[in-house]
Number of protein chains: 2
Amino acid sequence: MTKPRVSELTASRLSLYLRFLNQLEDGETAMVSSRAMADSMGATSAQVRRDLASFGEFGVRGVGYEVKQLRAELERILGLDQTLHVVIIGAGNLGHALADYPGFGGGGLKVVALFDVDPDKVGNETRGGIPIYHLDDLESLAAGKVDVGIVSVPAEAAQGVVDCLVAAGIRAVLNFAPVRPRVPQGFRCKSVDLTLELESLSFFLSLQELTEGDDPPLAGAAAERSAG
Amino acid sequence: MTKPRVSELTASRLSLYLRFLNQLEDGETAMVSSRAMADSMGATSAQVRRDLASFGEFGVRGVGYEVKQLRAELERILGLDQTLHVVIIGAGNLGHALADYPGFGGGGLKVVALFDVDPDKVGNETRGGIPIYHLDDLESLAAGKVDVGIVSVPAEAAQGVVDCLVAAGIRAVLNFAPVRPRVPQGFRCKSVDLTLELESLSFFLSLQELTEGDDPPLAGAAAERSAG
DNA sequence: TAGATTGTTAATCGATTAACAATC
DNA sequence: TAGATTGTTAATCGATTAACAATC
């Protein structure tokens, strides 16, 4: 029916709009303008209107958007009106941290289980009471019941784990290992690459050093160490 | 001297090129072509050449790039030839997980301390032996000695913590709280927003449901639940 | 020379924004 | 009606890619 050819960037912004509306709801604001939404996150009002308009006509010309209604529309568009069931593969530090991450409670996301191959971990549960199963049981336990898999295993194991998730019919994967796993057509694997993020910051710091050069308002720590 | 007007996307790809070269080094490959690098990560060879060429002429026409040399150049460009000192604010689950994250050891990144405000945590150390100090001592302990701050505190506390980091002269911040903190000009705050990432996956799953409609090769879990 | 591959220019593509008619 | 704000078109901007002269 609708043909939503929408970029990943747009999708992220939709989440941010929703987040803004949720904060607003407390304050009992009835209507909101594209400008108000834009200002709250440093975008242009045209971008907000265009993002929203690609899914329908949610506003009233000359007036704005009704907060409650727009909130409901965004939740529907993002699929947050249904609770997503999440499994986490890898019950290490990161896996435990993610399992008990408070941010996941809201917004229709529920971590239902962790999986690992370490016999010492299997059979236990997280502090939050989420059970830890053996990876071998993923397919039988998860088939048809799980929407998202989170991969928090070492880089070497990541592709194998992703293959398991695919085999279990889990079409959306969030990967924390510093690799780009391959997934078949129709599946989605988004990588959150912490090493990459830090290297990107490192790059930013190098640029600063070069750019500042003559008149550093705040001397870089690394620069000071090598000079000192 | 050089005027590196380079997008964030380019910077990320530079890290991926370096990662590929590091894997290669094991195999004793002497030369590498832009095509080989591109294929390894699903990019075009033109993009690889353009990315590299914006920093200098590292290749030899008709031949390719010398692996060892290109690796050194990329490390220099990314600033990974210097060890970056990292502090983590927030010694919760996520903070501990990041502190002991093995991926950070390589590539010139070193977590030197955690900070928290919880008296039960301050004075202890992580399993990996990294000390936990009180946030009040950040400025005196860190000034001039720290390059990157990682924020792993609840959303409400994030802006305050970022302000502390800025006050301590730490110009690069990696934020894990689901907010967009403000930083002054010349500072950089990159946010890794786990809630946003999951909502983006949720959006992908909704799209799938709509798109497939008639002939689902693998029925969605959420769809099955609401149908069943 | 023939074959290969770079660095770079010009063309293409996609995303953002300015501007405005439509509408309350 | 006058003022405001949407939805959308056209212009702009930036990033990617195709193509090719330069070079080994």
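Analyst: Let's start with some vocabulary: a residue counts as buried under 20% relative accessible area, as exposed over 50%, and as partly exposed in between (1.4 Å probe, protein chains only). This is a predicted model, in which local features need pLDDT of at least 70 and side-chain atom pairs count only at pLDDT 80 or more, while totals for chains, interfaces and linings use all residues. Residues are numbered from 1 along each chain as its sequence is written, chains are lettered from A and ligands numbered from 1 in the order in which they are written, and side-chain values use heavy atoms, leaving out hydrogens and water.

User: Why is C189(A) called buried?

Analyst: Its relative accessible area is 17%, and the limit is under 20%, so C189(A) is buried. C164(B), in contrast, has 30% relative accessibility and therefore counts as partly exposed.

User: How do you know that C189(A) is not bonded to another cysteine?

Analyst: A disulfide is a pair of cysteine sulfur atoms within 2.5 Å. The closest cysteine sulfur to that of C189(A) belongs to C164(A) and is 13 Å away, so the gap is too far for a bond. C164(B) is in no disulfide either, with the sulfur of C189(B) as its nearest at 13 Å. Searching the whole structure gives 0 disulfides over all chains.

User: What puts the buried residues of α3(B) on the same side?

Analyst: Helices (H or I, at least four residues) and strands (E, at least two) are DSSP runs, numbered from the N terminus. Helix α3 of chain B spans residues 45-53, and its buried residues are S45(B), V48(B), D51(B) and L52(B). They cover an arc of only 130 degrees around the axis, which places them on the same side of α3(B); the arc is that of the directions from the helix axis to the C-beta atoms. R50(B) and A53(B) are exposed on the other side.

User: How do you know which rotation relates chain B to chain A?

Analyst: Copies are superposed by least squares on the C-alpha atoms of residues with pLDDT of at least 70 in both. A rotation of 180 degrees, with 0.0 Å of shift along its axis, lays chain B on chain A with an RMSD of 0.0 Å. The two copies are thus related as by a two-fold rotation axis.

User: What makes you say that the copies meet through the same surface?

Analyst: Of the interface residues of chain B, 99% are also interface residues in chain A, so the copies meet through the same surface. Contact here means heavy atoms within 4.5 Å.
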